[in-house]
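Trainee: Could you take me through one part of this model at close range, residue by residue? I would like to see how the details fit together.

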Amino acid sequence: MRTASCACGQLNILCDGEPRLVALCHCLDCQRRTGSTYGIAAFFARDHVKAEGTANTYRRLSDGGHAITFHFCPDCGSSVFWEPERKPDAIAVAVGCFADPEFPAPTRFVWEERRHGWVVNPEAK
């Protein structure tokens with residue numbers, strides 16, 4: 001069992017098992033959402049996750065035109081997990097919310113054309 005939580009601990013998501021996928025996204029929307037140069041998501045089967053606490057939501061369209069609903073803590077503002085409409089059987093969880101330096105590394109890298117030049121891709125040779 002893995003637990004991800006917001007900065008204040010009020011919003012948690014419990015994830016049973018290992019993620020199906022860990023993806024690093026360089027899109028501008030992820031950069032704005034995280035305040036960083038990219039976002040990293042761990043995708044779990046929807047029936048293997050359980051949210052605890054109160055969340056506010058923000059819904060936007062992806063570049064592909066599919067809706068994404070983000071769940072964030074109303075107290076500290078941390079974006080903890082989201083529901084991608086194009087993957088209805090999955091929940092994406094912000095990897096940083098696990099606060100686990102041993103968490104599995106990303107295996108998929110997307111929107112690399114938006115990657116900041118000083119951010120190194122470990123897959124680049």
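Trainee: Leaving aside its neighbours within four places in sequence, which residues is Asn-12 in contact with?

Mentor: Happy to! One thing to keep in mind is that this is a predicted model. Setting aside neighbours up to four places off in the sequence, Asn-12 is in contact with Thr-3, Ala-4, Ser-5, Lys-50, Ala-51 and Glu-52. Asn-12 belongs to strand S2, which covers residues 12-15. Its relative accessibility is 18%, and because the cut-off for buried is under 20%, Asn-12 counts as buried. Its side chain also has a polar atom 3.3 Å from the backbone oxygen of Gly-9.

Another polar residue worth a look is Arg-60, in strand S6 (residues 56-61). With 15% relative accessibility, Arg-60 counts as buried too. Its side chain and that of Asp-29 are joined by a polar contact of 3.5 Å. Not counting residues up to four places away in sequence, Arg-60 touches Asp-29, His-66, Ala-67, Ile-68 and Phe-70. Follow two of those contacts, Ile-68 and Phe-70, and you can move on to the next strand.

That strand is S7, residues 67-72, where Phe-70 lies. S7 runs antiparallel to S8, and 5 bridges join the two. One residue to pick out is Ile-68, whose bridge partner in S8 is Pro-84. S7 and S8 make a hairpin with 6 residues between them. In the turn of that hairpin, Gly-77 has a positive phi of about 85 degrees.

Now for the rings. The structure holds 3 aromatic pairs. In one of them, Phe-70 and Trp-82 are 5.6 Å apart centre to centre, with 40 degrees between their planes. Stacked means under 30 degrees and edge-to-face means over 60, so this pair counts as tilted. The pair links distant parts of the chain, since Phe-70 is in S7 and Trp-82 is in S8 (residues 79-84), 12 residues apart. Both partners are buried: Phe-70 has a relative accessible area of 6%, and Trp-82 has a relative accessibility of 7%.

A further aromatic pair is formed by Phe-98 and Phe-103, with ring centres 4.7 Å apart. Their planes are 20 degrees apart, so the pair counts as stacked. Phe-98 and Phe-103 are both buried. Ring pairs also bring in Phe-44, so that Phe-44, Phe-98 and Phe-103 are linked into a cluster.

Back to Trp-82, which has a charged neighbour as well. The charged end of Arg-33 sits over the ring of Trp-82, 4.2 Å from the ring centre. The strand holding Trp-82 is covered too: 5 of the 6 residues of S8 are buried, so S8 is largely enclosed by the rest of the structure.

On from S8, the chain reaches S9, residues 90-94. S8 and S9 run antiparallel and are joined by 2 bridges. The hairpin that joins S8 to S9 passes through 5 residues. Within this strand pairing, Trp-82 stands opposite Ala-92 in S9.

How well covered is S9? Of its 5 residues, 5 are buried. In a regular strand the side chains alternate between the two faces of the sheet. In S9, Ala-90, Ala-92 and Ala-94 lie on one side, Ile-91 and Val-93 lie on the other, and all are buried, so both faces of the strand are covered.

S9 also pairs with strand S4, residues 39-45. These two strands run antiparallel, with 5 bridges between them. Here Ala-92 turns up again, as the bridge partner in S9 of Phe-43. Put together, Ala-92 has Trp-82 opposite it and Phe-43 as a bridge partner. Phe-43 has a charge over its ring as well: the charged end of Lys-87 sits there, 5.1 Å from the ring centre.

If you trace this on screen, you could start from Asn-12, which is buried. Next, go to Arg-60 and its contact with Phe-70, then cross the tilted pair to Trp-82. From Trp-82, step over to Ala-92 and finish at Phe-43.

Notes: Residues numbered from 1 in each chain as written. Predicted model: local features only at pLDDT ≥ 70, side-chain atom pairs only at ≥ 80, totals over all residues. Heavy atoms only, no water. Phe/Tyr/Trp six-rings, centres within 6.5 Å; stacked < 30°, edge-to-face > 60°. Helix = DSSP H or I, 4+ residues; strand = E, 2+ residues; numbered from the N terminus. Buried < 20%, exposed > 50% of the residue type's maximum accessible area, 1.4 Å probe, protein only. Lys NZ or Arg CZ within 6 Å of the ring centre and 35° of its normal. Pairing = 2+ DSSP bridges. Polar contact = N/O pair within 3.5 Å; in protein donor to acceptor, adjacent residues only side chain to side chain. Contact = heavy atoms within 4.5 Å.
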